[in-house]
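Thanks for coming. I will take a few minutes to walk through one model, starting from a single residue and working outwards.

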Amino acid sequence: MDFEEQARPAKNEERELVEFERRLQVAIRRHEAPLGLKSRVMAQARARRQARHGRGWMLQRIAASALLAALFGGFAVYHENLEHEKQERQIERRKGEQAAEQVMTALRITSKTLGKVNEHLAENAK
Amino acid sequence: MIEFPNRPKHAEWQPDFEALVEEHTSMVFSLAWRMTGDRELAEELAQDVLLELDRNLGKMKTAEHVRFWLRQVTMHRASDALRRKRTHAASLGTDVWEELNERHGLMEASSLNGETSLSARLEELLATLPESQRAALVLRYQEDLTPEEIAVTMKSPVATVKSQLQRGLKLLRIRAERTLKEYVRGL
């Protein structure tokens with residue numbers, strides 16, 4: 001048996017394999033996508049985006065409401081503090097006025113007492 | 001590992017979901033169908049994968065990245081679905097591949113002729129191969145990927161992929177020669 005005869009079955013085998021691969025390639029070409037699959041996917045994607053957009057809008061509204069509530073709350077607290085400070089200042093002022101009146105009364109009493117003491121001393125000196 | 005670097009600003013790629021769906025639905029559906037052997041399940045899987053693409057659209061860097069991502073996610077999802085199906089079948093006492101073999105037997109008895117029938121039968125036989133070999137063959141012959149690209153997609157070593165391709169092809173050929181009269185006549 002010469003070399004060519006020995007090599008023939010191997011060549012046939014190789015040819016058969018190549019042919020089989022070609023047939024397989026033809027057999028497993030891509031299938032067409034089923035009718036309606038693409039439109040179904042697009043519809044679901046759109047619905048998901050809209051839902052996400054809706055959720056985003058809702059979150060924005062909640063955030064805006066919370067911000068407004070915080071602003072109003074802050075203003076109310078500030079206003080209350082302002083009123084409180086004003087009242088405290090008024091009380092302080094009243095207390096100051098009362099203290100001043102008391103000092104004036106004390107001075108008046110002292111002055112009167114001193115006057116009497118002076119009169120008494122003058123009488124004794126005569 | 002395939003890398004998908006960000007392109008410079010002037011050449012920035014903008015993904016258009018509708019165009020991507022138009023371009024890739026057939027690929028995703030075919031991969032899912034060939035891997036699961038179940039048309040309805042494949043349709044469901046394809047829909048899920050494409051909607052997941054929509055959710056991850058911002059992460060896609062190039063058109064090639066999208067194609068790679070879709071193939072990878074589809075193969076993983078199909079694999080998960082098969083696992084679930086096997087578990088379910090085992091709980092019912094049936095075998096997924098027995099089911100496919102029975103279907104193949106029915107097809108053989110039918111009167112399909114010519115290249116179309118041969119293709120259909122080859123596809124049926126492909127469905128009876130072990131999952132890893134089927135995955136390698138589908139990516140090689142449907143998607144025209146090289147063993148290196150298949151290895152990246154399947155996250156397997158190249159040597160493993162090459163061996164799966166060789167074994168799968170051999171097994172498929174043996175089964176085809178044994179069972180497909182049209183194929184033998186065609187040689």
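Start with B:Trp69, which is buried because 20 C-beta neighbours sit inside 10 Å, and the cut-off for buried is 20 or more. Bear in mind throughout that this is a predicted model. B:Trp69 belongs to helix α3 of chain B. It has a distant partner in sequence: B:Thr153 is 84 residues away along the chain, yet the two C-alpha atoms are separated by 8.3 Å.

Now the chain as a whole. Chain B has 9 helices and 0 strands, so the pattern along the sequence is simply α-α-α-α-α-α-α-α-α. Of its 187 residues, 32% are buried. Among contacts in chain B with a separation of 6 or more, 66% are between residues 24 or more positions apart. Chain A has 2 helices and 0 strands. Of the 126 residues in chain A, 5% count as buried.

Next, the core. The general background is that in soluble globular proteins nonpolar side chains tend to be buried together. Here, the largest nonpolar core has 45 residues. The residues with the most contacts inside that core are B:Val28, B:Phe29, B:Ala32, B:Ala46, B:Leu126 and B:Val138. Helix α1(B) supplies the largest share, 7 residues. The core also draws at least three residues from each of domain 1, residues 15–94, and domain 2, residues 96–187, of chain B.

One of those core residues deserves a closer look. What does B:Phe29 touch, leaving out residues up to four places away in sequence? On the chain A side, B:Phe29 touches A:His31, A:Ala33, A:Pro34 and A:Leu37. Within chain B, it touches B:Ala42, B:Glu43 and B:Ala46.

That brings us to the interface. In total, 27 residues of chain B are in contact with 21 residues of chain A. On the chain B side, the elements giving two or more residues are α1 (17–36), α2 (39–55), α5 (114–126) and α6 (131–142). The largest share, 11 residues, comes from α1(B). By class, that side of chain B has 14 nonpolar, 6 polar and 7 charged residues.

Staying with α6(B), there is a helix pair to show. As a reminder, two packed helices are described by the angle between their axes and the distance between the axes. For α6(B) and α8(B), residues 158–179, the axes come within 8 Å and cross at roughly 95°. The pair therefore counts as roughly perpendicular, because that label covers angles of 65 to 115 degrees. From α6(B), the contact uses B:Ser132, B:Gln133, B:Arg134, B:Ala136, B:Leu137 and B:Arg140. From α8(B), it uses B:Val161, B:Gln164, B:Leu165, B:Arg167, B:Gly168, B:Leu169 and B:Leu171. Taken together, the residues of this contact divide into 6 nonpolar, 4 polar and 3 charged.

Last, a few loop positions. B:Asp144 lies in the loop between α6 and α7 of chain B, where α7 spans 147–154. It is not a glycine, but its phi is positive, at about 60°. Is B:Asp144 buried or exposed? It is exposed, because it has 9 C-beta neighbours inside 10 Å and the cut-off for exposed is 12 or fewer.

B:Lys155 is in the loop between α7 and α8 of chain B. B:Lys155 has a positive phi of about 55°, and it is not a glycine either. With 10 C-beta neighbours inside 10 Å, B:Lys155 counts as exposed.

The third loop residue is B:Gly58, between α2 and α3 of chain B, with α3 running over 63–92. B:Gly58 is exposed, since 6 other C-beta atoms lie within 10 Å. How far apart are B:Gly58 and B:Gln14 in space, C-alpha to C-alpha? The distance is 9.3 Å, for a separation of 44 residues in sequence.

To close where the threads meet: α1(B) gives the largest share of the side of chain B that touches chain A, and α1(B) also gives the largest share of the largest nonpolar core. That is all I have.

Definitions and conventions
Residues numbered from 1 in each chain as written. Chains lettered and ligands numbered in written order. Predicted model: local features only at pLDDT ≥ 70, side-chain atom pairs only at ≥ 80, totals over all residues. Helix = DSSP H or I, 4+ residues; strand = E, 2+ residues; numbered from the N terminus. Contact = placed C-beta atoms within 7 Å. Nonpolar A, V, L, I, M, F, W, Y, C, P; charged D, E, K, R; others polar. Axes fitted to C-alpha atoms, helices over the stretch in contact; angles between N-to-C directions. Parallel < 35°, antiparallel > 145°, perpendicular 65-115°, else oblique. Core = buried A, V, L, I, M, F, W, Y, C linked by C-beta atoms within 7 Å. Domains from an automatic or database assignment.
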